[in-house]
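This report looks at one bent helix and at a set of charged side-chain pairs. Please keep the sequence and the model in view while reading.

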Amino acid sequence: MARRAVERELSRERILEAARHLFIIKGYRAISMRSIGQHLGYSHGSLYYHFKEKAELFYAIVMEDFRALGEILMQAVHKTPPEGLSKPEHLMLEFIRFGLENPYQYEIMFMIRDEELLAYCRAEQSRCLELFASMIRQHLGQGEHSETDRQRIPHSLFLSLHGFVSYYIQDRLTFEEIRPAALAHVKLMCKSI
């Protein structure tokens, strides 16, 4: 009975959030299942009910964060953009918003430098880039761009967005604080499409 009470209290979501925070603050290699358990006030054994090992926990974080970003991008492309914005502009602003409102997630998804961990992120980064690229290509005028440009433009836009988020994320600014700069950046980028 005690184990069931612990399992209910110690949710998968709580573990993911604590681990995400610790991985960013201290680094993947410095964190153990024991230290995550201590951070949460539980024994490390209770974490193994949800995750077999630290690598599985990290991969679950990566998958959850990319899924959340994917949903945001899908919503942005399928709904009418706010007045004064094109669909690509709205899509790009939502990418920026996600990065600045979720700095820990964004850093794990796109800015982690550990070679071992990059293996967990690269496939998801590629899927995210391809989702973004396919959405942008839908709005590139047929016949206005060569096939080579239709491949390169979304990639360049994505890299520009990533650079913008990476720059402002360091200062832990909110999206609302940099909204005018984000809007100007997106408007400038969309002139090419």
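## Helix α9

The buried residues of α9 (buried meaning under 20% relative accessible area, exposed over 50%, partly exposed in between, with a 1.4 Å probe and protein chains only) are F175, I178, A182, V186, M189 and C190. These buried residues pack against α5 (87–101) and α8 (147–169), where contact means heavy atoms within 4.5 Å.

Helix α9 covers residues 175–190, and its end C-alpha atoms are only 19 Å apart, short of the 22 Å that a straight helix of 16 residues would reach; the expected span is 1.5 Å times one less than the number of residues. A bend of about 40° is found at A181, taken as the angle between axes fitted to the seven residues ending there and the seven starting there.

## Salt bridges

The whole structure holds 13 salt bridges, each defined as a side-chain nitrogen of Lys or Arg within 4 Å of a carboxyl oxygen of Asp or Glu. One of them joins E107 to R172 (2.9 Å, N to O). Because E107 lies in helix α6 (residues 103–111) and R172 in the loop between α8 and α9, the pair ties together parts that are 65 residues apart in sequence. E107 is buried at 16% relative accessibility, whereas R172 is partly exposed at 42%.

Within helix α5, R97 and E101 are four residues apart, about one turn of the helix, and their side chains meet in a salt bridge (3.8 Å, N to O). Both belong to a network of salt bridges that also links E94, E176 and R179.

## Basis of the model

The model is predicted, so local features need pLDDT of at least 70 and side-chain atom pairs count only at pLDDT 80 or more, while totals for chains, interfaces and linings use all residues. Residues are numbered from 1 along each chain as its sequence is written, and side-chain values use heavy atoms, with hydrogens and water left out.

Notes. Helices (H or I, at least four residues) and strands (E, at least two) are DSSP runs, numbered from the N terminus.
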